[in-house]
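Hi everyone, thanks for coming. I'd like to walk you through one protein model today, so please have a look at it on the screen.

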Amino acid sequence: MSADFNQPQRQSIVGILVMFFYSLQEYAKALWPILIIWIVKFNEINRGYLFGGILAVFTIIGIISYLKYLNFTFYIDQDNDEFIITEGVFNKTKTTIQLFKIQQVNINQSFIQRLIGVYELVVDTAGSNKTEGSIKAISHELALDLKARLLDNENKKAIDVADVIDSHEFIDEKSIDSEIPFIKISFFSLLKFGITSNYVKSFLVLLAFFISLFDHIKQITGKDVLHDQNIEDYVDSGQIATAFLILFILFFLTVIIVNLVRTIFTFFDYKIAKQKGSLLLSYGLLNTKSTIIKPEKVQITSVTQNFFQKKMDILHLKIKQATGGEREDHKQHIEIPGCNKLEKNEILKLLFKKIPEKGVMLKPNFRKLGFSVFLTIGLPLLGFYFIRDLIIEQLPMTDYFVSLYVVFIGIIQFFIFKNNRLFINNDFIILQSGAWDVTNKIILPNKIQAITTSQLFWHKNINIGSLTLHTAGGNISFHLGNFTAIKQYVNLWLFEMETSDSNWM
């Protein structure tokens, strides 16, 4: 029997514990300096005052958590087709979400929620760059029922009432369909994906961490760990190069391990099921997430693969749905890591009714490569020329590092230019880009919201220009291509935009 969402109702009673832990986490983040002082000076603080203060803080947080639970209600206003949430402790707020604007309803479960046995239901719309509504503590059955009711508004538009014979049969069919995954990303595929992706991102995160760590050590001890004299205290001067090589290898292995752990924790037990023509995704080790992808709301689909992944037959799919603000909302980006070519084709057929094929190819003019080389190599070398004499006194090996930089960046820019292509046919637009990780971004012409073309006056004689396609999931740009060909396709796409009645929202 389905729940009655027409009347205001509260979360599960154990939601008080969820709100208590979340509130405790928020206060711990805000008061961490005081906590550190308490830990450092634990022996100097009066134990009675300390434990009394802790008890008082816990009591206040408990009262606030109970008031949050008591004042939190949610219901569906059938007359106005709105989902309404009221919340607050002293200042109560009322959030009203129109059902037809709901873009996505996710069912998540954090580690704390898993221990307590409840789930979180999150409602997103395409008209905002933040979460519209969130219910922190709800049973799984109630969450599924509410999710179906919130997303049922579009089904009513697409399905005639006469075609619906029995609503109970519809619910049962949906439940059975959603429980049978047709794709499951194996643990071995996640391992392969974890060791072959996101090198740069993990490297920058670790680099920022170690720089921050060394800075804190310097502030506390007054010693610069990276200073030459301090390094020579531990390593013989003749072995400094070998030590740096070993450190680089260890650092690179750490990058791989961190990325591997992040991948497994985030995407563990990744399952994809079909649900009434949509994709139902569920994944996560400690924090589980369940979300649905509707083909009509997909804006940009990216397929990314590098050399190692190609040999291992794995790739990375990223699906971008409508975002709410001027900046892209990465919460609306859904990742499917480690799937193989056959699984990718199955997903693309469900999203587009066919496998996208590359059509006519547009290539950028060679001036794009020259301009990129000027920005990334020419300008840095010019700046280095003016300060070289100052640097060479402190770091005699600088010229070798500069040479390596020129060769490395030159190779990257060459492959970026070589892989940059725009493929166009009647049904799809595919932008290929990247140096090591080659990405193919796929969009449908009827999903384009606006088109921008530009041409600098000194490019008119050589007939090159740039193109930007604006969609609700972000923009894709192609620079310095044949401008005559670009304008011909732009006219065709503008006609399709005017005559299309697709429901991309």
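Of the 505 residues in this protein, 38% count as buried. Please keep in mind that what you see is a predicted model. The exposed surface comes to about 29,800 Å², and carbon and sulfur atoms supply 62% of that area. For the secondary structure, the tally is 15 helices and 20 strands. If we take the contacts with a separation of 6 or more, 59% of them involve residues 24 or more positions apart.

Let's go to the strands near the end of the numbering. Strand β19 covers residues 464-471, and 7 of its 8 residues are buried. Which strands does β19 pair with? Strand β18, residues 450-454, pairs with β19 in the antiparallel sense over 5 bridges. Within that pairing, Ala450 stands opposite His470 of β19. Strand β20, residues 474-482, also runs antiparallel to β19, and 7 bridges join the two. Here Leu469 has Ile476 of β20 as its bridge partner. The connection from β19 to β20 is a hairpin through 2 residues.

While we're at β20, have a look at Leu480, which is found in that strand. Leu480 has a positive phi of about 55° although it is not a glycine. As a reminder, most residues other than glycine have a negative phi. Is Leu480 buried or exposed? Leu480 has a relative accessible area of 12%, and because the cut-off for buried is under 20%, it counts as buried.

Now a helix. Helix α12 runs over residues 341-352, and its 12 residues reach 16 Å from the first C-alpha to the last, close to the 16 Å expected at 1.5 Å a residue. At its start, a side-chain oxygen of Asn340 comes to within 3.1 Å of the backbone nitrogen of Leu342. Several residues of α12 are buried, among them Glu343, Ile347, Leu350 and Leu351. In general, an α-helix has 3.6 residues a turn, so residues three or four places apart point the same way.

Just after α12 we meet Lys353, which takes a positive phi of about 70°. Lys353 sits in the loop between α12 and β14. And how accessible is Lys353? Its relative accessibility is 68%, so Lys353 counts as exposed.

On to the aromatic rings. The count comes to 13 aromatic pairs. One of them is Phe267 with Tyr283, a tilted pair at 5.7 Å centre to centre with 40° between the planes. Phe267 lies in helix α10, residues 240-267, and Tyr283 in strand β9, residues 278-283, so this pair ties together parts that are 16 residues apart in sequence. Both Phe267 and Tyr283 are buried. Elsewhere, ring pairs link Phe20, Phe21 and Phe58 into a cluster.

One last stop: Gln321, in strand β12, which spans residues 315-321. Where would you guess this polar side chain ends up? Gln321 is buried, with a relative accessible area of 1%. Gln321 and Pro295 are 26 residues apart in sequence, and their C-alpha atoms are 9.5 Å apart in space.

That's my tour, and I'm happy to go back to any part of it on the screen.

Technical notes:
Residues are numbered from 1 along each chain as its sequence is written. This is a predicted model: local features need pLDDT of at least 70, side-chain atom pairs count only at pLDDT 80 or more; totals for chains, interfaces and linings use all residues. Side-chain values use heavy atoms; hydrogens and water are left out. Helices (H or I, at least four residues) and strands (E, at least two) are DSSP runs, numbered from the N terminus. Buried means under 20% relative accessible area, exposed over 50%, partly exposed in between (1.4 Å probe, protein chains only). Contact means heavy atoms within 4.5 Å. Accessible areas come from the Shrake-Rupley method with a 1.4 Å probe; for residues, only the protein chains shown count as cover. Two strands pair if DSSP finds at least two bridges between them. The expected span of a helix is 1.5 Å times one less than its number of residues. A polar contact is a pair of N or O atoms within 3.5 Å; within protein, one must be able to donate a hydrogen and the other to accept it, and residues adjacent in sequence count only if both atoms are side-chain atoms. Rings of Phe, Tyr and Trp (its six-membered ring) pair if their centres lie within 6.5 Å; planes under 30 degrees apart count as stacked, over 60 as edge-to-face and the rest as tilted.
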